[in-house]
Amino acid sequence: MDPFLRKLGIELPIIQAPMAGVSTPEMAAAVSNAGGLGSIGVGPSDAETTRKMIAAVRARTDRPFQVNVFCHQPAATDAAREAAWLARLGPEFARYGAKPPNRVTEIYQTFLTDDAKLAVLLTERSAVVSFHFGLPARERIEALRAAGIVLLATATSLAEGKAVAAAGIDAVVAQGYEAGGHRGVFDTHAPDDRLGTVALTRLLVSKLDIPVIAAGGIMDGAGIAASLALGAAAAQLGTAFIPCPESSADAGYRAALLGPPAEHTVMTSAISGRPARCLANRFTALGVGVEKGSIPDYPIAYDAGKALHAAAKATGEFGYGAQWAGQGAPLARAIPAAELVARLRSEVAQESHRLQSVLSR
Ligand SMILES: Cc1cc2nc3c(=O)[nH]c(=O)nc-3n(C[C@H](O)[C@H](O)[C@H](O)COP(=O)(O)O)c2cc1C
């Protein structure tokens with residue numbers, strides 16, 4: 001068995017991506033029970049909710065699972081920019097008979113400063129903890145490692161991958177530009193080379209000494225087999241799991257993902273304040289042409305984004321949702337998570353037979 005899979009304690013090189021607000025303890029447990037690595041995203045959750053979510057996974061599986069936290073820099077408040085942003089969104093709220101909130105705030109705390117959440121992770125000791133948007137301080141990494149937890153972190157570039165390896169993280173998630181959801185870039189002000197999953201995975205496999213997990217646009221066994229052929233130790237799939245019955249995606253999001261809107265995804269910062277890939281919808285249209293500097297910091301902008309979505313949704317309009325999805329979205333299948341893992345497993349086997357027969361011709 002592959003040493004990295006053995007370290008993670010899983011049978012299959014398949015990781016269900018942590019998806020804050022979409023993945024659930026039910027989904028994570030179903031994937032882990034099926035032989036993959038299930039995950040929960042607790043980036044926006046406080047320590048107590050994190051503890052409850054971990055307990056909810058444990059109530060359904062005794063297999064390893066991943067808990068994911070957000071390591072973004074704390075938001076810088078800018079009252080004038082926030083007021084201007086709310087004023088700009090005003091006509092959208094008005095369309096649904098609502099008003100923007102009077103003010104917006106940093107609706108959740110970064111893991112960089114959240115001692116209570118660290119304490120929960122150290123007590124609960126899930127098999128795997130992962131970091132998105134950057135890395136925590138050395139002492140936090142050392143404490144988690146000392147607790148016997150395997151650590152993963154997202155990288156979107158070679159420089160970020162080198163930082164992940166240098167920090168003593170066990171494996172790196174190579175998140176290509178195709179990926180759904182928030183891009184894991186460490187510094188949103190730095191230039192972004194927008195590397196795709198293939199190039200990024202190859203770069204990190206070739207230049208780093210730690211295992212690489214490919215992520216972005218991988219929807220089926222052929223995508224997983226391709227990732228393994230690139231040298232990845234496993235593939236992490238997010239969008240593929242969104243339509244599963246275990247996900248908490250709402251009806252509008254599911255319908256869009258399973259219909260023609262899935263053919264168009266857009267990278268936008270307008271919804272949350274950080275770049276994220278979303279199904280093209282009313283909110284992404286609103287973000288087109290908006291100057292980067294006019295959007296409040298993440299997650300302050302998300303406070304406004306969630307309020308606008310709630311106002312529109314109350315009237316039956318789902319088009320302002322954070323409908324995160326990767327470029328492979330049209331390949332998503334609405335089947336239970338365990339069934340999806342079983343299909344992925346047999347597709348990988350089929351694909352490797354196909355490749356062998358092509359190569360032996
Ligand atoms: C709905 C959604 C939510 C996500 N939330 C998180 C998250 O909380 N933490 C994280 O590390 N990555 C998150 N991601 C990114 C995934 O980890 C992964 O990089 C991405 O799903 C891979 O691309 P794919 O969606 O094309 O499979 C999210 C992705 C989606 C689609």
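Which polar backbone atom is 2.9 Å from an oxygen atom of the ligand? In this predicted model, the backbone atom belongs to Gly238. Two side chains also approach ligand oxygen atoms: a polar side-chain atom of Gln236 is found at 3.1 Å, and an N or O atom in the side chain of His132 at 3.2 Å. Of the 590 Å² of accessible area that the ligand has on its own, 98% is covered by the protein. Two elements each contribute two or more residues to the surrounding shell, namely β3 (65-70) and β9 (234-237).

The shell around the ligand comprises 23 residues, of which Pro18, Asn68, Gly217, Gly238 and Thr239 come nearest. By residue class, the shell contains 12 nonpolar and 11 polar residues, with no charged residue.

Nonpolar side chains tend to be buried together in soluble globular proteins. In the present model, the largest nonpolar core has 61 residues, and Trp85, Ile224, Leu237 and Phe241 have the most contacts inside it. Two or more residues of this core are supplied by each of α2 (25-33), α4 (79-95), β9, α10 (251-257), β11 (276-279), α12 (300-313) and α13 (337-359). The greatest contribution, seven residues, is that of α12. Strand β9 thus appears in both settings, giving two or more residues to the ligand shell and two or more to the largest core.

When residues up to four places away in sequence are not counted, Ile224 touches Pro13, Ile14, Ile218, Ala235, Leu237, Leu344 and Val348. A further core of 34 residues lies apart from the largest one and includes Ala47, Val67, Cys71 and Val172.

Conventions. Residues are numbered from 1 along each chain as its sequence is written. This is a predicted model: local features need pLDDT of at least 70, side-chain atom pairs count only at pLDDT 80 or more; totals for chains, interfaces and linings use all residues. Side-chain values use heavy atoms; hydrogens and water are left out. A residue is near a molecule or strand if one of its heavy atoms lies within 4 Å of it. A polar contact is a pair of N or O atoms within 3.5 Å; within protein, one must be able to donate a hydrogen and the other to accept it, and residues adjacent in sequence count only if both atoms are side-chain atoms. Accessible areas come from the Shrake-Rupley method with a 1.4 Å probe; for residues, only the protein chains shown count as cover. Helices (H or I, at least four residues) and strands (E, at least two) are DSSP runs, numbered from the N terminus. Ala, Val, Leu, Ile, Met, Phe, Trp, Tyr, Cys and Pro count as nonpolar, Asp, Glu, Lys and Arg as charged, and the others, Gly among them, as polar. A nonpolar core is a set of buried Ala, Val, Leu, Ile, Met, Phe, Trp, Tyr and Cys residues joined through side-chain atoms within 4.5 Å. Buried means under 20% relative accessible area, exposed over 50%, partly exposed in between (1.4 Å probe, protein chains only). Contact means heavy atoms within 4.5 Å.
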